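Welcome, and thanks for taking a look at this one with us. Please have the sequence and the model open side by side as you read.

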Amino acid sequence: MSDTQRPSVLCVVAADERRATLVDAFDEGSRVETMSSVDTAVERLETSVGVHCVLLADDVHEGDLVGAVEQFAGLILDVPVVVVAEDRHAVADAALDAGAVDVVDDGDDVARRLAVERATRAAERWIQETESRAMSKVRTLFENTSDGIVEAKLSGETAIIQQANLAFAQTFGAEPGTLVGRDLDEVVLPPSRRTEGHDINRRVADGERVETEVRRLADDEVRTFLLRSVAVTRGSDRAYFVYTDVTERRERERELQRQNERLDEFAGIVSHDLRNPLTVARGHHDLLDDEYDHESLDELGWALDRMESLIEDVLQLARTGKTVDDPRQVSLRHVARDAWSYCDTAAASLTVVEHDGALLADPERLSALFENLYRNSVAHVGGSVAVVVERTSHGFAVADDGPGLPVSDASRAFEQGFTTADDGTGFGLAIVEDIAEAHGWTVRVDPTHDGARFVFEGVEWVEEDQRDQGEKSGGAAVDGDADA
């Protein structure tokens, strides 16, 4: 029997001599722990596991036996309580009503041996009942999960199937009743790759919890699985092998990687192949504009400016879709102010409402988010627009005092190419949404605000006390003024 399966009794007795005589009555097959205080024993059961029964003497808790028994009732670790009393008949009814499972006399050596025997048996029953409930839950999971699960007996490099759920049989194209007794690796691996399975079997047999990604032949198709293997119980020669099909997830990840690579390639083409001729055209325009005064040159200059804006926005849009994998602690106030200084905001004003804490973000991409929102406000409201950045309960918001978005336009605000400004490219708010999504945030238009108000939610904040700890350990300090 493993150590975790041996009955463990917590012996709670106030008197030292009485506690020692009770402990001496236990045989070597039981584990015994002793305490003199009910409060200490209850704390032990609340904070750790490994006790299967409490043997409680009637001298604890200042003689209030019922109160002592009731303290053990309702604990998450609901172990049985066996009472040992100098006068069993005087306390039995009250102790049993309070929740004890048995009350035994403590008059002599024979009575004490009976008491510890009753406690040991109660502990063994509790172990059996607990394991039975656990196995019932395992059985329910085994039968109803969509993951393929096998219970196998390990012998060296070999795992022989003892039972398999329907999902496993269907996944690997086998009849459910034909799997028991077969070598697991023969079912899921071709002969040329059996050593791969043998290595996993050895590791699990050695007590290792294995979690790895594997390729398996499933119903005549090679698919990708997350394989998790764990022994049924510690020291057991049986183990569960759980196969979770992650083929489609991995294909989506590979497709996303391919898309990112194509975006990088596209951004390079836009940056090089379009900007070079645009630079040449801009140079010729400037030469002609210095020499001639013609209204067509104004139109040409506007067209070149618009092409340059489109190139900048398309480049930014191509780069904003990538997930932010390593966010840093940044001051919302600091980034919002810096982004304002990068924009042509004319007579516009910015207010960043005072707040505590920092958010986790990529500072450069967060700055790009603010820049696009500021330009959007100036383009739609004018050079005197007032912009406010403030923290909210779940993130932050950026608002202006303009006329706001018509209800009919609010639902389309983040569509690529949609704009209500005559000289807008329609990419600014699409870029904002992409940057938000790359951080795992959401963005929406607040329909209750008089002007345009964009609300970002799902933001992870680091509060002041956490920042102090980070700065003491070498983390980046963040600060900034409230207004600009």
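Which residues in α3 meet which residues in α4? On the α3 side they are L65, V66, V69 and E70, and on the α4 side V91, A94, A95 and A98. Please keep in mind that this is a predicted model. The protein has 15 helices and 18 strands, and 42% of its 484 residues are buried. Among contacts with a separation of 6 or more, 60% join residues 24 or more positions apart.

**Helix α3 and its partner α4**

- Two packed helices are described by the angle between their axes and the distance between the axes.
- For α3 and helix α4 (residues 88-98), the angle is about 20° and the axes are 8 Å apart.
- An angle under 35 degrees counts as roughly parallel, so α3 is roughly parallel to α4.
- The crossing of α3 with α4 is right-handed.
- Sorted by class, the residues of this contact are seven nonpolar, no polar and one charged.

**Helix α3 and its partner α2**

- Helix α2 (residues 38-47) packs against helix α3 (residues 65-72) at an angle of about 15°, and their axes lie 10 Å apart.
- These two helices are therefore roughly parallel to each other.
- Their crossing is right-handed.
- From α2, the contact draws on V38, D39, A41, V42 and L45, while α3 supplies A68, Q71 and F72.
- The contact of α2 with α3 has six nonpolar residues, one polar and one charged.

**What is buried in α3, and what covers it**

- The buried residues of α3 are L65, G67, A68, V69 and F72.
- Of these, L65 and V69 appear in the contact with α4, while A68 and F72 appear in the contact with α2.
- An α-helix has 3.6 residues a turn, so residues three or four places apart point the same way.
- The cover over the buried residues of α3 includes both helices, α2 and α4, along with the strands β3 (53-57) and β4 (81-85).
- After α3 comes G74, which has a positive phi, near 85°.

**Helices α11 and α12**

- Further along the chain, helix α11 (residues 332-341) packs with helix α12 (residues 363-381) at an angle of about 55°, with the axes 8 Å apart.
- That angle makes α11 oblique to α12.
- The crossing of α11 and α12 is right-handed.
- On the α11 side the contact involves L332, V335, A336, A339 and W340, and on the α12 side P363, L366, S367, F370, E371 and Y374.
- Nine of the residues in the contact of α11 with α12 are nonpolar, one is polar and one is charged.

**Cysteines**

- A disulfide is a covalent bond between the sulfur atoms of two cysteines.
- How many disulfides does the count come to? The count is zero, with a pair of cysteine sulfur atoms needing to be within 2.5 Å to qualify.
- Why is C11 without a bond? The closest cysteine sulfur, in C53, is 9.9 Å from the sulfur of C11, which is too far.
- Likewise, C53 is in no disulfide, and the nearest cysteine sulfur to it is that of C11.
- With a relative accessibility of 0%, C11 counts as buried.
- C53 is buried too, with a relative accessible area of 0%.

**Two charged residues in strands**

- E211 lies in strand β8 (residues 210-218).
- Is E211 buried or exposed? E211 is exposed, at 57% relative accessible area.
- Not counting residues up to four places away in sequence, E211 touches L226, L227 and R228.
- The C-alpha atoms of E211 and S229 are 6.5 Å apart, and the two residues are 18 apart in sequence.
- K153 belongs to strand β6 (residues 148-155).
- K153 counts as partly exposed, with 37% relative accessibility.
- Apart from its neighbours within four places in sequence, K153 is in contact with T158, A159, I160, Q162, D237 and R238.
- K153 and A205 are 52 residues apart along the chain, and 9.4 Å separates their C-alpha atoms.

Key
Residues are numbered from 1 along each chain as its sequence is written. This is a predicted model: local features need pLDDT of at least 70, side-chain atom pairs count only at pLDDT 80 or more; totals for chains, interfaces and linings use all residues. Side-chain values use heavy atoms; hydrogens and water are left out. Axes are lines fitted to C-alpha atoms, for helices over the stretch in contact, and angles run from 0 to 180 degrees between N-to-C directions. Helices (H or I, at least four residues) and strands (E, at least two) are DSSP runs, numbered from the N terminus. Angles under 35 degrees count as roughly parallel, over 145 as roughly antiparallel, 65 to 115 as roughly perpendicular and the rest as oblique. A crossing is left-handed if the near helix is turned anticlockwise from the far one by less than a right angle, and right-handed if clockwise. Contact means heavy atoms within 4.5 Å. Ala, Val, Leu, Ile, Met, Phe, Trp, Tyr, Cys and Pro count as nonpolar, Asp, Glu, Lys and Arg as charged, and the others, Gly among them, as polar. Buried means under 20% relative accessible area, exposed over 50%, partly exposed in between (1.4 Å probe, protein chains only).
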